[in-house]
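Biologist: I have a model open on my screen and would love to walk through it with you. Shall we take it question by question?

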Amino acid sequence: MSRKIVGLTVRDVRFPTSLEQHGSDAMHTDPDYSAAYVVLDSDCGLRGFGLTFTLGKGTEIVVSAIEALAGLVVGKCLQEIVGDFRGFYRLLTSDGQMRWLGPEKGVIHLATAAVLNAVWDLWARAEGKPLWKLLVDMDPKTLVSCIDFRYITDVLTEEEALKLLMNAQEGKQQREAEMLSEGYPAYTTSCAWIGYSDQQLRQLCTDALASGWTKFKVKVGADLQDDTRRCGLVRQMIGPDNILMIDANQRWDVDEAISWVKSLAQFKPLWIEEPTSPDDILGHAAISKALAPLGIGVASGEQCHNRVMFKQFLQASALQFIQIDSCRLASVNENLAVLLMAHKFRVPVCPHAGGVGLCELVQHLILFDYICVSASLNNRMCEYVDHLHEHFTSPVMIRDAHYMPPKDPGYSCEMLETSVQRHHFPDGDVWKRLLKK
């Protein structure tokens, strides 16, 4: 069966999370968690689902970019794509005219991620496997053939990548069994959004502790006095032995970041996340060096444009924790490159998730990383946010603060059609009602 892709549709789906301050941080005070949602139709009836994450306004721009890419995928057979996935990746990212809009960054890269996520979902469904299992079962040579090594060969060659994957073959079955039994460790960001009241924060921490959570992240960066109070409150709630992280979402200049975090060091954070501009590699390096004596690492990556920037962050020793994102980078293909580079540099990967659909997507990548690349859980955990999972046909499963491996075929980002219709912007029922006010 050819499984020829005969159609691509994309819709602007938005959830009004800003109404209750869900997702609020020092830079993004009123996010409406949203997605440019892609569906690929094939001639055999099989469909692939993909998305890229946004915060509301501007989703229509990503939708337009996806529509501009549609002609590069519609008409192709799935086997033609996956038989030369590196070539197809290059096709999407190297169009002679559209490449000018990036290259490989910004809105056009978000659009590329959505299209490729749908292709990977289609492939996994065609094989009858969840995406993580498709990757785990894949021959290392086939895995490496999916990666575009252009611009990163000074750090990681194709031959090195293959060797890293071959070296990790030992113990792979045991690690897979461990994940199926125990799951992958997670941390929660849901307790301490910057717009939450102290009362709400206390209640959410109490509930999370009762559910087995031991790792908590607090949003900081708007006001030092407020941060000191809120971090103190969370540390008091979770006790001295549980793990605390702080996240400034790019709020500070370099020197300001160092000074601010030193003031919060009394609360023993494991890391400060996105302390400054996500593009400032040398700034992150300076912050990392200044905070190292305090035992505080620097984490970033959710808004890192591409594998080239991750390469430079690693070369500059600018991050102690790498945070991949399943929609900021160009899907599985580019994330594979970053996972392998991080492993070579011995930097743990702790993915960004949350949003809408990000938890569903990134769980597959981190399961693969442990089973087939890093073989380590030391200082590794995956972010979890408890919003909007009810809108997916295969929502994430959390047990004892661990991601349990998905069992349904695909990449877990198919949304319920009823949810898509109700939250379609601007003519879904939810938005018709809100926009009238």
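Biologist: Is Glu158 buried, exposed or partly exposed?

Modeller: A friendly reminder to begin with: this is a predicted model. Buried would require under 20% relative accessible area and exposed over 50%. Glu158 has a relative accessible area of 31%, so the residue is partly exposed.

Biologist: Which residue forms a salt bridge with Glu158?

Modeller: Side chains of opposite charge can pair when their charged atoms come close. For Glu158, the closest N and O atoms of the pair are 3.3 Å apart. The partner lies in helix α3 and Glu158 in helix α7 (residues 158–167), so the pair ties together parts that are 72 residues apart in sequence. That partner, partly exposed with a relative accessible area of 21%, is Arg86.

Biologist: How many salt bridges does the structure hold?

Modeller: The pair of Arg86 and Glu158 is a salt bridge, and so is the pair of Arg150 and Asp148. For the whole structure, the count of salt bridges is 25.

Biologist: Arg150 forms a salt bridge with Asp148; is Asp148 buried or exposed?

Modeller: In this pair the closest N and O atoms are 3.8 Å apart. Arg150 is partly exposed, with a relative accessible area of 23%. Asp148 has a relative accessible area of 3%, and as buried means under 20%, Asp148 is buried.

Biologist: Which residues are linked with Asp148 and Arg150 in a network of salt bridges?

Modeller: Asp148 and Arg150 form a salt bridge with each other. The network that holds them also takes in Arg90, Arg99, Glu104, Arg307 and Glu334.

Biologist: Which residue meets Lys217 in a salt bridge?

Modeller: The N to O distance in this pair is 3.6 Å. The two link distant parts of the chain, Lys217 being in strand β5 (residues 215–219) and its partner in strand β6 (residues 243–247), 30 residues apart. Lys217 is buried at a relative accessible area of 1%, and the partner is buried at 0%. The partner is Asp247.

Biologist: Leaving aside neighbours within four places in sequence, which residues are in contact with Asp247?

Modeller: Asp247 is in strand β6, and at 0% relative accessibility the residue counts as buried. With those neighbours left aside, the residues in contact with Asp247 are Lys217, Val218, Lys219, Val220, Ile272, Glu273, Glu274 and Glu302.

Biologist: Do β6 and β7 run parallel or antiparallel, and how many bridges join them?

Modeller: In this pairing, Leu244 stands opposite Pro269 in β7. Strand β7 (residues 269–273) is mostly covered, with four of its five residues buried. The two strands run parallel, and the number of bridges joining β6 to β7 is three.

Biologist: Which element gives the most to the lining of the largest cavity?

Modeller: Rolling a probe the size of a water molecule over the atoms shows where empty space is left. The structure holds one cavity of 30 Å³ or more, and the largest cavity has a volume of about 60 Å³. Both α3 (85–93) and α4 (106–127) supply at least two residues of its lining. With three residues, the element that gives the most is α4.

Biologist: How many charged residues are in the lining of the largest cavity?

Modeller: The lining residues are Leu92, Thr93, Asp95, Met98, Arg99, Glu104, Ile108, His109 and Thr112. Among them, Arg99 and Glu104 also belong to the network of salt bridges. By class, the lining has three nonpolar and three polar residues, and the number of charged ones is three.

Biologist: Where does Pro103 lie?

Modeller: Most residues other than glycine have a negative phi, and most peptide bonds are trans. The bond from Gly102 to Pro103 is cis, with omega near -15°. A cis peptide bond also joins Phe425 and Pro426, with omega about 5°, and Pro426 lies in the loop between α16 (417–423) and α17 (429–436). Pro103 is in the loop between α3 and α4.

Biologist: What is the phi of Leu388?

Modeller: Leu388 sits in the loop between β10 (382–384) and β11 (397–399), and at 10% relative accessibility Leu388 counts as buried. Ser317, in the loop between α13 (307–315) and β9 (321–322), has a positive phi near 50°. The phi of Leu388 is also a positive value in a residue other than glycine, near 75°.

Technical notes: Residues are numbered from 1 along each chain as its sequence is written. This is a predicted model: local features need pLDDT of at least 70, side-chain atom pairs count only at pLDDT 80 or more; totals for chains, interfaces and linings use all residues. Side-chain values use heavy atoms; hydrogens and water are left out. On a 1 Å grid over the protein atoms alone, a cavity is a set of points where a 1.4 Å probe fits but cannot get out, and a pocket is an open set with protein on both sides within 12 Å along at least five of seven lines; lining residues have an atom within 4 Å of a point. Grid points are joined across faces, edges and corners, and a volume is the space filled by probe spheres set on the points. Ala, Val, Leu, Ile, Met, Phe, Trp, Tyr, Cys and Pro count as nonpolar, Asp, Glu, Lys and Arg as charged, and the others, Gly among them, as polar. A salt bridge is a side-chain nitrogen of Lys or Arg within 4 Å of a carboxyl oxygen of Asp or Glu. Buried means under 20% relative accessible area, exposed over 50%, partly exposed in between (1.4 Å probe, protein chains only). Contact means heavy atoms within 4.5 Å. Two strands pair if DSSP finds at least two bridges between them.
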